[in-house]
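Please open the model in your viewer and keep the sequence panel beside it, so that each selection can be followed in both places. The tour moves from single residues to a helix and then to a pocket.

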Amino acid sequence: MSPQHILMLGASGSLARAVIPVLLAETDTRFSLYVRNAARLAALSSERVTVVEGDVLDTARLTAALAGQSLVYAGLAGNLPALAKSAVSAMDAAGVRRPI
């Protein structure tokens, strides 16, 4: 079985930062960490981790980042209705059906 590919929205948030090291240690999952400031997570870049800079409200950029992903982890804060609308639209466009 090939590893899952997870796009993590809000990857610089406290919950995501606590979960990422555990998932890297205990799974073979590949991660795309979607953040507004890629420099904040640059140290995590590796063979299994890609840091992607973007804003969740930029639906076109988010749709592109979703290419090849198995599921989406959404650890978002702020204007949740607008963020959720953009995330769902991007997921629909990219054909990703599994949010967490």
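Is Thr59 buried, partly exposed or exposed? Select Thr59, keeping in mind that this is a predicted model, and you will find that the residue belongs to helix H2. Thr59 counts as partly exposed because its relative accessibility is 26%, and the class of partly exposed residues lies between the cut-offs of 20% and 50%. Now add Ala90 to the selection: although the two residues stand 31 places apart along the chain, their C-alpha atoms are separated by 5.6 Å. If residues up to four places away in sequence are not counted, Thr59 touches Ser86, Ser89 and Ala90.

Stay in helix H2 and move on to Leu62. With a relative accessible area of 1%, Leu62 is buried. Which residues are in contact with Leu62, leaving aside its neighbours within four places in sequence? Show Leu7, Leu9, Tyr34, Val56, Ser86, Ala87 and Ala90, since these are the residues to display around Leu62. For a distance to check in the viewer, take Leu62 and Val52, which are ten residues apart in sequence and 9.5 Å apart from C-alpha to C-alpha.

Next, select helix H3, which runs over residues 80-94. H3 has 15 residues, and the distance from its first C-alpha to its last is 21 Å, close to the 21 Å expected at 1.5 Å a residue. Colour Leu83, Ser86, Ala87, Ala90 and Met91, which are buried in H3. They lie on the same side of H3, because they cover an arc of only 130 degrees around the axis. An α-helix has 3.6 residues a turn, so residues three or four places apart point the same way. Turn to the other side of H3, where Pro81, Lys85 and Ala93 are exposed. To see what covers the buried residues of H3, display strand E1 (5-9), helix H2 (59-65) and strand E4 (71-74), which are included in that cover.

Follow the chain beyond H3 to Gly95, where phi is positive, near 75 degrees. A little further along, in the segment after H3, select Arg97. Arg97 is exposed, with a relative accessible area of 57%. Leaving aside neighbours within four places in sequence, Arg97 is in contact with Met91 and Asp92. The C-alpha atoms of Arg97 and Val72, 25 residues apart along the chain, are separated by 8.4 Å.

For the last stop, look for the largest pocket, which has a volume of about 360 Å³. There are 18 residues lining this pocket, and to find its centre you can select Gly10, Arg36, Val56, Leu76 and Ala77, which are the closest to it. The lining of the largest pocket divides into eight nonpolar, seven polar and three charged residues.

Note on methods. Residues are numbered from 1 along each chain as its sequence is written. This is a predicted model: local features need pLDDT of at least 70, side-chain atom pairs count only at pLDDT 80 or more; totals for chains, interfaces and linings use all residues. Side-chain values use heavy atoms; hydrogens and water are left out. Helices (H or I, at least four residues) and strands (E, at least two) are DSSP runs, numbered from the N terminus. The expected span of a helix is 1.5 Å times one less than its number of residues. Buried means under 20% relative accessible area, exposed over 50%, partly exposed in between (1.4 Å probe, protein chains only). The arc is that of the directions from the helix axis to the C-beta atoms. Contact means heavy atoms within 4.5 Å. On a 1 Å grid over the protein atoms alone, a cavity is a set of points where a 1.4 Å probe fits but cannot get out, and a pocket is an open set with protein on both sides within 12 Å along at least five of seven lines; lining residues have an atom within 4 Å of a point. Grid points are joined across faces, edges and corners, and a volume is the space filled by probe spheres set on the points. Ala, Val, Leu, Ile, Met, Phe, Trp, Tyr, Cys and Pro count as nonpolar, Asp, Glu, Lys and Arg as charged, and the others, Gly among them, as polar.
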